[in-house]
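User: Could you take a close look at one part of this model for me, the place where chains A and B meet? Then walk me outward from there, into the packing and the charged pairs.

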Amino acid sequence: MAGDIAVVTLGMLAVAAGIAVFVVDSMARATFALLASFLAVAGILLALDLVYLAVVTALMMTMEMAVMAIFMIMFMMNPAGLMPMTMVHNARGSAVAGASVFTVLTVGIWTIDWPARQGTQPDDATRQLGESIMGGHMLVMLVIGIGLFATIIAGTVLATQRGRYDRFGPELDARRPHDPVAGGLPR
Amino acid sequence: MPDMTTPETVATSVAAWGLLPAVALVVAVALALGLVFAALDRVVVAGGDANAMAGPSRTVVRWLVKQRRTTLAPDRLLWRVATGAVPVLAVLSMAVVPIAGRTLWSTSADLVWFNAMEALLWAAVWLVGWGPNAVHALVGGYRFLAQGLAYELPLMFALITAGLAAGSLRTTDVVAAQADLWFVVTMPVAFVVFLASAAAFAFWGPFAAPAGADIAGGVVSELSGVERLLVEAGRAIFLGASAAMGATLFLGGGSGPWLPDALWHLLKTVLLMGLMVVAGRRVPVLRPDRYVEAAWVVLVPVTLLQALVVAVLVLSGMYA
Amino acid sequence: MASTAPDRDGLELDALRVSLGPVLPGWPTGLVLTGSLQGDVLTGVEVSWLDQPAAGPSQVPASVAALDSLARFLVVAGWPVAARRARAARDALMAADEATVQRGRDAATPLARMVRRSRTLRWSVRGIGATGDGDVLDRAYRWCDAAAGAHTHTSPNAVGLHDLAALVDGQELAAVRLIVASFDIEAAPAPAHHGMSHA
């Protein structure tokens with residue numbers, strides 16, 4: 001019973017915080033409203049006894065929001081959101097998309113005839129999860145992981161304005177790179 | 001993989017002593033560890049003057065009675081939330097550290113919980129810098145963000161290395177796995193990286209650039225009164241909690257002859273705190289420009305290698 | 001309020017008018033530095049004294065002045081333990097009785113050695129604020145020599161306001177602080193001819 005109440009409360013909190021992302025007028029508030037929404041989802045997972053998934057959701061989403069904050073400074077210096085602005089582009093379109101996906105998922109969840117649980121709940125859901133993801137699909141997961149990582153590196157390389165010729169000269173023979181701010185390693 | 005039978009479940013302190021006493025104990029231990037760390041730190045900064053040990057207590061009283069000041073047009077809501085979150089998260093990270101052999105709550109993902117509290121602390125500290133709408137605080141906040149980003153992965157790998165050897169992410173299992181050999185012997189790199197990353201996440205000692213004197217105190221520059229107390233207490237508690245976690249993960253927790261387990265754990269924790277303070281205060285602040293590059297280019301591969309070595313040892317049955 | 005301007009890395013960043021000083025930790029009291037901050041890069045820097053401090057020969061011995069400046073630099077470089085030792089040695093040197101003064105001299109020499117030998121400090125600040133006669137670290141080392149008793153009559157690191165402003169322009173906030181802390185800034189306003197002759 002307490003679990004049900006927690007799931008319902010946290011669910012409403014997640015939706016409310018999600019709506020707040022569209023309402024607030026500062027990037028920091030929008031970012032942290034989104035984080036609050038994710039944390040509420042993590043709380044739901046916790047109430048469902050999926051500890052590992054809950055904690056990993058909190059961990060990854062927090063890091064993502066913090067990285068988003070880094071990108072904020074790349075484009076503006078706007079302490080405390082003094083200049084009102086919105087995080088959302090095409091607010092109407094995104095609101096419609098969000099609402100319709102929410103409706104579809106909710107209707108689906110309530111109308112699908114879910115199978116009954118067979119057997120008992122495992123002692124260690126984390127271990128079960130690891131085995132079901134990594135057991136039979138190890139190769140797929142590894143390929144996807146390396147593919148994502150390669151994409152990140154390729155994206156960074158394409159976006160970087162300065163290349164090795166800027167750093168080491170046209171003949172690549174400079175002993176120390178020419179950087180605006182020197183790093184800590186002699187490379 | 002070592003044979004991972006279902007662990008004989010060590011009862012959590014909540015199950016053993018009831019919810020309120022268990023929570024009160026964790027909070028009390030967290031506060032005490034924080035105070036001890038702050039006192040040790042003050043003594044070392046004062047050049048070994050033992051009289052300085054009372055310094056933190058006096059500072060606490062001063063901040064409690066001091067009137068709060070504020071800045072022009074701050075984001076009050078986020079600022080307040082963040083200053084309150086810092087100490088709460090630091091105490092929450094203590095929830096998975098065994099006290100007298102029992103954690104406040106025990107899950108199959110204790111180490112990830114500790115890591116998640118750190119990540120949340122990271123976001124909260126950035127917010128503490130963002131909130132007051134002031135240049136120095138904001139620069140400090142972004143320094144902390146860059147610092148946390150550079151140290152998050154090495155710290156994660158260090159935690160996971162301990163979990164890998166134990167075959168479990170539960171802290172009590174990690175302690176049990178060290179019955180024969182402390183993990184510090186086979187994973188010294190992970191041990192050092194863990195302590196350094198903890199200092200980096202509390203922006204203390206050589207990693208204090210986010211609260212550096214060159215930006216007038218950075219993230220804490222605009223805090224006053226109780227809010228200053230909350231954030232500084234959070235930093236000290238997190239450092240104390242990290243020392244306790246370090247003793248748990250790498251120094252065998254409460255294992256040791258003659259003395260009771262709880263006392264051994266406390267001794268190791270205080271020893272680690274002393275080690276951190278003495279080593280950390282020997283050197284000046286490392287400027288982020290320089291060490292962030294070293295963290296990415298050196299620490300990440302080194303911790304990965306450490307994890308690889310431990311993985312090979314696990315396969316060879318070293319920890320079985 | 002912030003408005004945008006192109007920055008060093010080719011991005012359109014908001015520029016924020018800021019002023020540093022007149023009071024900051026490890027900052028020459030009364031100095032005011034204004035400029036526009038983009039990210040943490042300062043441009044369009046102007047430096048002035050809030051109140052014109054008394055010019056003329058300094059009242060304190062060269063070693064005391066050097067320890068003062070060194071302590072300020074160490075505070076900004078983030079080495080509180082060493083900064084405390086520098087201040088303690090300085091206080092002892094200014095004492096009336098000879099025994100305390102001797103103690104101050106005995107404390108200044110190992111401190112100077114410690115600062116000179118610190119590889120961490122070298123790694124951390126080397127290469128910042130380079131002029132014709134060295135970077136911030138070389139200037140700190142000169143204070144170390146003066147503090148340890150090498151006799152100098154004038155400050156080894158004097159600079160005029162105009163040259164200082166030119167040197168810190170386009171630097172990051174942290175570098176600006178280190179550069180300012182690595183000089184003894186002259187009280188007199190910069191003369192009309194902007195030479196480096198007195199730097």
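Analyst: The domain assignment splits chain A into domain 1, covering 1-78, and domain 2, covering 125-187. Their C-alpha centres sit 28 Å apart. Keep in mind that this is a predicted model.

Now for the contact itself. On the chain A side, 36 residues are in contact with 38 residues of chain B. People often express the size of an interface as the accessible area lost when the parts come together. For chain A and chain B that buried area comes to about 3300 Å², and carbon and sulfur atoms give 78% of it. What about charge between these two chains? The count of salt bridges between chain A and chain B is zero. Polar contacts between chain A and chain B tell a similar story: the count is zero residue pairs, with both residues required to be at pLDDT 80 or more.

Which pieces of chain A do the touching? Helix H2 (27-47), helix H3 (51-75) and helix H5 (125-134) of chain A each put at least two residues on the side that touches chain B. H3(A) gives the most to that side, with 13 residues.

Let's step into chain B and look at a few side chains there. Helix H10 of chain B runs over residues 225-250, and B:Phe250 lies in it. With a relative accessible area of 0%, B:Phe250 is buried. Its contacts, leaving out residues up to four places away in sequence, include B:Ala158, B:Ala162, B:Gln178, B:Trp182, B:Val184, B:Met187 and B:Phe194. B:Phe183 is also one of the residues that B:Phe250 touches. Those two phenylalanines are 67 residues apart in sequence, yet their C-alpha atoms are 4.6 Å apart in space.

B:Thr248 lies in helix H10 of chain B as well. B:Thr248 is buried too, with a relative accessible area of 0%. Again leaving out residues up to four places away in sequence, B:Thr248 touches a set of residues that includes B:Val97, B:Pro98, B:Thr171, B:Val174, B:Val175 and B:His265. B:Gln178 is worth picking out: B:Thr248 touches it, and B:Phe250 touches it as well.

For another threonine, go to helix H8 of chain B, residues 183-186, where B:Thr186 lies. B:Thr186 has 13% relative accessibility and counts as buried, because the cut-off for buried is under 20%. Beyond four places in sequence, B:Thr186 touches B:Leu181, B:Gln306, B:Val310, B:Leu313, B:Met318 and B:Tyr319.

On to the charged pairs. Side chains of opposite charge can pair when their charged atoms come close. Over all chains, a search of the whole structure turns up 13 salt bridges. One of them is in chain B, where B:Arg170 pairs with B:Asp173 and the closest N and O atoms are 3.7 Å apart. Are those partners buried or exposed? Both B:Arg170 and B:Asp173 are buried.

Chain C has a salt bridge between C:Arg72 and C:Asp184, with the closest N and O atoms 3.9 Å apart. C:Arg72 belongs to helix H1 (residues 62-76) of chain C and C:Asp184 to strand E6 (residues 184-185) of chain C, so this pair ties together parts that are 112 residues apart in sequence. C:Arg72 counts as buried at 18% relative accessibility, and C:Asp184 counts as buried at 18% as well.

Also in chain C, the side chains of C:Arg126 and C:Asp135 meet in a salt bridge at 3.1 Å, N to O. C:Arg126 is partly exposed, with a relative accessible area of 35%, whereas C:Asp135 counts as buried at 5% relative accessibility. Back in chain B, B:Arg228, B:Glu232 and B:Arg235 are joined into one network by salt bridges that share partners.

Since chain C has come up, here is how that chain is put together. Chain C has seven helices and six strands, and along the sequence they follow the pattern β-β-β-β-α-α-α-α-α-β-α-α-β. Of its 199 residues, 49% count as buried. Among chain C contacts with a separation of 6 or more, residues 24 or more positions apart account for 57%. As for its surface, chain C exposes about 9100 Å², and carbon and sulfur atoms supply 55% of that.

Key:
Residues are numbered from 1 along each chain as its sequence is written. Chains are lettered from A and ligands numbered from 1 in the order in which they are written. This is a predicted model: local features need pLDDT of at least 70, side-chain atom pairs count only at pLDDT 80 or more; totals for chains, interfaces and linings use all residues. Side-chain values use heavy atoms; hydrogens and water are left out. A salt bridge is a side-chain nitrogen of Lys or Arg within 4 Å of a carboxyl oxygen of Asp or Glu. Buried means under 20% relative accessible area, exposed over 50%, partly exposed in between (1.4 Å probe, protein chains only). Helices (H or I, at least four residues) and strands (E, at least two) are DSSP runs, numbered from the N terminus. Contact means heavy atoms within 4.5 Å. Accessible areas come from the Shrake-Rupley method with a 1.4 Å probe; for residues, only the protein chains shown count as cover. Domain bounds come from an automatic or database domain assignment. Buried area is the accessible area (1.4 Å probe) that two parts lose on being put together, summed over both. A polar contact is a pair of N or O atoms within 3.5 Å; within protein, one must be able to donate a hydrogen and the other to accept it, and residues adjacent in sequence count only if both atoms are side-chain atoms.
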